[in-house]
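Let's take a walk through this model together, beginning at its ligands and then moving outward along the chain. Keep the viewer open as you read.

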Amino acid sequence: MRIAEAELRTVALPLLTPFRTSLGTQTVRRALLVRVRGTEGEEGWGECVAEDEPTYSPEYLEGAADLIRRFLLPALFALPDLDPAGVAPALAHLRGHPMAKAAVETAVLDAVLKARGLSLAAYLGGVRRSVRVGVSVGIATGLDALLDTVDRHVSAGYARIKLKIEPGWDLEPVRLVRETFGAGLMLTADANTAYTPADARHLARLDAYDLTLLEQPFAPDDLDGHARLAARMDTPICLDESITSARAATAAIRARACSIVNIKPGRVGGYLEARRIHDLALAADVPVWCGGMLETGLGRMANLALASLPGFTLPGDISATARYYERDITAPVVLDGDSIAVPEGPGIGVTPDPAALEAFTSGPPERLTPDTL
Ligand code: OSB
Ligand code: MG
């Protein structure tokens, strides 16, 4: 089968509360959705996790849409056979843009697996029917507000709390949350590159608070800085922004720049590359967990499939719909205890709800066929 038609649309979902990190504040999540239809009628969806601005990564939503429209879909329309494993090789001559590539590969995976009646979790080699999950808590307006937010998520049942930190919002919030919720709370901190190696002594003071990991303190390309910090801290260093491929993961692990890896399919070019990172990390005894990009239900359902692989031993940033949005574009993702069920249906296991799509889509969806190119 070939791709007969594709559609690009942008949805805009208001966040229930603003999400502030060291990179900026988000109040609305805009997401680029890719739908493909094969020549035998099967449909598949993919969510592109590129954000409005190129702050977390060099990609951004409008740029990703342009790339998909002008380069990625034309390359895929030329493919005689829609094998998911053939998508990345067919796009490899186009440099970079992992988030855009991941979105189209996911749409193809969803279409092909739906046609085969196979779930994404089964295809990837998942071994769990539900996965433990946590919440990523943004930088708050004050310490009282932070404690209220953490209390709400702990009461809801989440297995782990991750605090966003930056210079001026680090030791005190971490200390207070540890003191208030006790030794039993699994707690981590994510700096989103807000520090430099000159801050190493300051960051080492986080060792007092028994964090499960410290995520990405330094710039994405500073493997050496992370390795030197890892050598002087007891807290395990986890990399997020630095891990852009399986090769980058191998280099980071070899350099001892991290002892834990955050895997985000968008950041690494798709679920198949994400699985390669899982495999190499498992072989190296490096725990992994599934990160998040404030995805809609579509992206989070797919992430649940990835997180069901055996090496995902730490709770992921895959929270229930109620943590992000009043209304989702899929059936709501719900928490069950400290876990979320892995979808069992074919492909991603969900399809966006047409009424919700209608309500959230900004501008007319763009339809692309081999003839329109
Ligand atoms: O660094 O993990 C991050 C959201 C957007 C961009 C980067 C990050 C995040 C989060 C939120 O931490 C995770 C989630 O989707 O809940
Ligand atoms: Mg992160």
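The shell around ligand 1 draws on two domains, with at least three residues coming from each of domain 1 (3–117 + 352–368) and domain 2 (122–341). Please bear in mind that this is a predicted model. Sorted by class, that shell holds eight charged, five nonpolar and three polar residues. There are 16 residues around ligand 1, and the ones that come nearest are Ser 136, Lys 164, Asn 192, Leu 294 and Tyr 324.

Two of these names return when you look at individual atom pairs. Asn 192 places a polar side-chain atom 2.7 Å from an oxygen atom of ligand 1. Leu 294 takes part through its backbone, where an N or O atom lies 2.7 Å from an oxygen atom of the ligand. Met 293 also offers a polar backbone atom, at 3.3 Å from an oxygen atom of ligand 1. How much of ligand 1 does the protein bury? Taken alone, the ligand exposes 390 Å², and the protein buries 98% of that.

Now turn to ligand 2, the magnesium ion. Its coordination comes from Asp 190 (OD), Glu 215 (OE) and Asp 240 (OD), at 2.1 to 2.3 Å. Read along the sequence, these donor residues follow the spacing D-x24-E-x24-D. Glu 215 and Asp 240 form a pair that links distant parts of the chain, 25 residues apart. Glu 215 sits in strand E8 (residues 214–215), while Asp 240 belongs to the loop between strand E9 (237–239) and helix H9 (246–254). Are these two residues buried or exposed? Both Glu 215 and Asp 240 are buried.

Let's finish with helix H3 (residues 98–116), where you will find Lys 114. Its relative accessibility is 24%, so Lys 114 counts as partly exposed. If you look across from this lysine to Glu 43, the two C-alpha atoms are separated by 7.7 Å, although the residues are 71 apart along the chain.

Follow the chain onward to the loop between H3 and helix H4 (120–124), and you reach Ser 119. Why does Ser 119 count as buried? Its relative accessibility is 10%, and buried means under 20%. The side chain of Ser 119 has a polar atom 3.0 Å from the backbone nitrogen of Ala 122.

Key
Residues are numbered from 1 along each chain as its sequence is written. Chains are lettered from A and ligands numbered from 1 in the order in which they are written. This is a predicted model: local features need pLDDT of at least 70, side-chain atom pairs count only at pLDDT 80 or more; totals for chains, interfaces and linings use all residues. Side-chain values use heavy atoms; hydrogens and water are left out. A residue is near a molecule or strand if one of its heavy atoms lies within 4 Å of it. A polar contact is a pair of N or O atoms within 3.5 Å; within protein, one must be able to donate a hydrogen and the other to accept it, and residues adjacent in sequence count only if both atoms are side-chain atoms. Accessible areas come from the Shrake-Rupley method with a 1.4 Å probe; for residues, only the protein chains shown count as cover. Ala, Val, Leu, Ile, Met, Phe, Trp, Tyr, Cys and Pro count as nonpolar, Asp, Glu, Lys and Arg as charged, and the others, Gly among them, as polar. Domain bounds come from an automatic or database domain assignment. Donors are N, O and S atoms within 2.8 Å of the metal (3.2 Å for Na, K and Ca); water is not among the atoms, so sites may look incomplete. Helices (H or I, at least four residues) and strands (E, at least two) are DSSP runs, numbered from the N terminus. Buried means under 20% relative accessible area, exposed over 50%, partly exposed in between (1.4 Å probe, protein chains only).
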